[in-house]
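This report describes the empty spaces and the packing in one protein model. Please look at the sequence and the structure below before reading on.

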Amino acid sequence: VIKIYPDGRMTQWIATLKPGDVLPVSAPMSTADPLDFREGLVMIAGGSAVTVAIQLCRAVLHLAPAGVPVYLVMCNSKLEDVLYSEVLEEMQDKHGAVHVTYCIAGGPPQPPRKGKWRWRTGRISTGLLDAVSSEMQLRGVVSGPKGLCKAAVDLWIDSGRSEGNFRVLV
């Protein structure tokens, strides 16, 4: 997934490419070891970082024992920005210990449809983090825009969780 940002230097260049143009891509770099989350995962992702969230959540579920809790908070500005909801819903159907919460900053007060996922209007907060998972020993990860990453780190610490148990993927 490539999201074109109006002020993004690289994405503005990518937007100029035409079919047949060459896009140089480097080999993937490991940014998080799924084995670090054998006891469970709290993942906070913003926008197109849903792709990172899907990869890490799937890896943790594959390597960890059955029933390990995986909590995913997807943060978007608008409902229209939500990507891959069907993939996340399928993950919840397949793994009973997966819990997805959508946090839509400018969202309608009611969820657009029924499902297993949870719905919140507004930005992430300490209360949301506590409601998502009260398991204080779980490790967490955030990936997304700088503002979201900063807010997530602050909220993680404010909720009494260990800063050493939280990772920022940029």
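The largest cavity encloses about 40 Å³ of space. A cavity is a set of points on a 1 Å grid over the protein atoms alone where a 1.4 Å probe fits but cannot get out; a volume is the space filled by probe spheres set on the points, which are joined across faces, edges and corners. A search of the whole structure finds one cavity of 30 Å³ or more. Ile 44, Val 73, Ile 124, Ser 125, Leu 128 and Leu 129 line the largest cavity, lining residues being those with an atom within 4 Å of a point.

The model is predicted: local features need pLDDT of at least 70, side-chain atom pairs count only at pLDDT 80 or more, and totals for chains, interfaces and linings use all residues. Residues are numbered from 1 along each chain as its sequence is written, and side-chain values use heavy atoms, with hydrogens and water left out.

Pockets are open sets of points with protein on both sides within 12 Å along at least five of seven lines. The two largest are listed here.

| Pocket | Volume | Residues closest to the centre |
|---|---|---|
| Largest | about 1700 Å³ | Val 1, Ser 48, Thr 51, Val 52, Val 170 |
| Second largest | about 370 Å³ | Cys 75, Ser 77, Arg 123, Pro 145, Leu 148 |

The lining of the largest pocket has 36 residues. Helices H1 (9–15) and H2 are the elements that give two or more residues to this lining, and H2 gives the most, with five. Helices (H or I, at least four residues) and strands (E, at least two) are DSSP runs, numbered from the N terminus. The second largest pocket is lined by 17 residues. Strand S2 and helix H5 (146–158) each supply at least two of them, and H5 gives the most, with three.

The largest nonpolar core has 29 residues, of which Leu 41, Met 43, Leu 56, Met 74, Leu 88 and Tyr 102 touch the most other members. Such a core joins buried Ala, Val, Leu, Ile, Met, Phe, Trp, Tyr and Cys residues through side-chain atoms within 4.5 Å, where buried means under 20% relative accessible area with a 1.4 Å probe, protein chains only. At least two core residues come from each of S1 (41–46), H2 (50–63), S2 (70–76), H3 (85–94) and S3 (98–104). The largest share, seven residues, comes from H2.

Conventions: Buried means under 20% relative accessible area, exposed over 50%, partly exposed in between (1.4 Å probe, protein chains only).
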